[in-house]
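Work through the exercises below with the sequence and the model open. Try each task before reading its solution.

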Amino acid sequence: MKIGEDLIQKVAQMPQADLGHFPTPLEECPRLSEVLGGPRIFMKREDCSGLAFGGNKVRQLTFTLGDAVAQGADTIVHGAASQSNHCRQAAAACGKLGLNCYLRLARDHKSIIQGNLLLDNLAGVDIEIVDVPFGPELDIVKYELAEKLKAEGLKPYVVASPRSTALAAVAFTWCIAEIAQQQQQLGIDADWIYTASVGGTQAGLVLGTKTLEMKMKPFGIAPIVWEKKHERLRTAANSAAEFLGLDTRVVDADIQNTDDYIGQAYGYLTPECIDALKLVAKTEGIFLDPVYTAKAMACLIDHIQQGKFGRDEIVIFLHTGGTPALFAYHEELSADL
Ligand SMILES: Cc1ncc(COP(=O)(O)O)c(C=O)c1O
């Protein structure tokens, strides 16, 4: 049996919506490695997941919206930061599945009709920018709206933690099984997988690598400071393990995640992330996004410069997408042009 096949069979039993183009490619970035002086860098292209400019949320929504449809929902209520990639991909997915979609987006410094917010509008979903911060207070707004929609006869499903994060972890456990098979085809056995995450993506990578007893260790780069992040990630991973009927359990010691590359705050660029974004575009023709993946790449570059890896070690960089946000940051990104 192919490596990871058992895990893929377990994932296949979860309710799913057919949204993306999977498996996403795993490809080498030789020019980037050369400029940085090693290690071998491969990129897992979740930015090429198909729907609405791609990104890691397509794989996650495969299960979240699969869950919604299985529960008989006809309406999705979602919300996050105003340039949310998750909301953009949810808006597109709802269009594809014929679901109503309501987005409640937290007003912030990027509540401009550009990037993801432009795409949300073009997808024709119901959008309101609200004056509450992204987090638990926004969840209250979402649940209140869901009650109102229920009273109007709709069947709403609210996308919110912890369930949505646990289903996202299922998605990235599946991604690990996919990577295990791709590694086998390529004849490689990576040492590390780096990604921008402090949520379901990293939780799934940790659960998947532990379940398959892989050499590869996940390393997460947080885009935002979350209180109790180890507890959240562990809980999401272990809920995903329960959904999938796995015996594996994740403990805090399995989770490596840094806040060191966030800079001023979520959604504000750092000079290092701008440099990383330009370097990857120039050497590989691949665009990172300014809020998540460029900060993660800045971390990987920093770790390379600190001598963390041998030249022959292999690092997979999981590109989680987010590229439409580039256009909402055109001023910061073009300041030196
Ligand atoms: C481009 C991009 N990368 C990474 C993440 C983080 O994903 P997770 O919430 O699974 O940690 C997000 C989530 O918003 C994202 O949009």
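**Exercise 1. Surface and overall form**

How much area does the chain expose, and what share of it do carbon and sulfur atoms supply?

Solution. The model is a predicted one. Start with the surface: the chain exposes about 14,000 Å², and carbon and sulfur atoms supply 51% of that area. Next, take the residues: 57% of the 337 count as buried. Then turn to the extent of the chain. Its C-alpha atoms fill a box of roughly 60 × 55 × 35 Å along the principal axes. A compact globule of 337 residues would have a radius of gyration near 20 Å, and the chain has 19 Å, so the two agree.

**Exercise 2. Elements, contacts and charges**

State how many helices and strands the chain has, and describe its contacts and charges.

Solution. Count the elements: there are twelve helices and ten strands. Now consider contacts with a separation of 6 or more: 78% of them are accounted for by residues 24 or more positions apart. Last, the charges: 31 side chains are positive and 42 are negative. The centres of these two sets lie 2 Å apart.

**Exercise 3. Asn56**

Is Asn56 buried or exposed?

Solution. First locate the residue: Asn56 belongs to helix 3, which covers residues 56-70. Then compare its relative accessibility with the cut-off for buried, which is under 20%. The value for Asn56 is 8%, so Asn56 counts as buried. Finally, list the neighbours. Leaving aside residues up to four places away in sequence, Asn56 touches Glu46, Gln89, Phe172, Thr201 and Thr320.

**Exercise 4. Helix 5**

Which residues of helix 5 are buried, and what covers them?

Solution. Helix 5 spans residues 115-122, and its buried residues are Gly115, Asn116, Leu117 and Asp120. Their cover includes helix 4 (85-97), strand 4 (100-106) and strand 5 (126-130). Just after helix 5 comes Gly124, with a positive phi of about 70°.

**Exercise 5. Cysteines**

Why is Cys87 not bonded to Cys101?

Solution. Recall the bond in question: a disulfide is a covalent bond between the sulfur atoms of two cysteines. The cut-off used is 2.5 Å between the sulfur atoms. The closest cysteine sulfur to that of Cys87 is in Cys101, 7.6 Å away, which is too far for a bond. Cys299 is in no disulfide either, and the nearest cysteine sulfur, in Cys273, is 13 Å away. A search of the whole structure finds zero disulfides. Both Cys87 and Cys299 are buried, each with a relative accessible area of 0%.

**Exercise 6. Backbone angles in loops**

Identify the cis peptide bonds before Pro39 and Pro162, and place each proline.

Solution. The bond from Gly38 to Pro39 is cis, with omega near -5°. Pro39 sits in the loop between helix 2 (30-36) and strand 2 (40-45). The bond from Ser161 to Pro162 is also cis, with omega near 5°. Pro162 is in the loop between strand 6 (156-158) and helix 7 (163-186).

**Exercise 7. Positive phi outside glycine**

Where do Glu213 and Lys228 lie, and are they buried or exposed?

Solution. Glu213, which is not a glycine, has a positive phi near 50°. Glu213 lies in the loop between helix 8 (200-211) and strand 8 (217-221). Its relative accessibility is 72%, so Glu213 counts as exposed. Lys228, not a glycine, has a positive phi of about 50°. Lys228 is in the loop between strand 8 and helix 9 (229-244). At 60% relative accessibility, Lys228 counts as exposed.

Terms used:
Residues are numbered from 1 along each chain as its sequence is written. This is a predicted model: local features need pLDDT of at least 70, side-chain atom pairs count only at pLDDT 80 or more; totals for chains, interfaces and linings use all residues. Side-chain values use heavy atoms; hydrogens and water are left out. Helices (H or I, at least four residues) and strands (E, at least two) are DSSP runs, numbered from the N terminus. The radius of gyration is taken over C-alpha atoms; the globule rule is 2.2 Å times the number of residues to the power 0.38. Buried means under 20% relative accessible area, exposed over 50%, partly exposed in between (1.4 Å probe, protein chains only). Contact means heavy atoms within 4.5 Å. Accessible areas come from the Shrake-Rupley method with a 1.4 Å probe; for residues, only the protein chains shown count as cover. Lys and Arg count as positive and Asp and Glu as negative; His and the chain ends are not counted. The place of a charge is taken as NZ of Lys, CZ of Arg, CG of Asp or CD of Glu.
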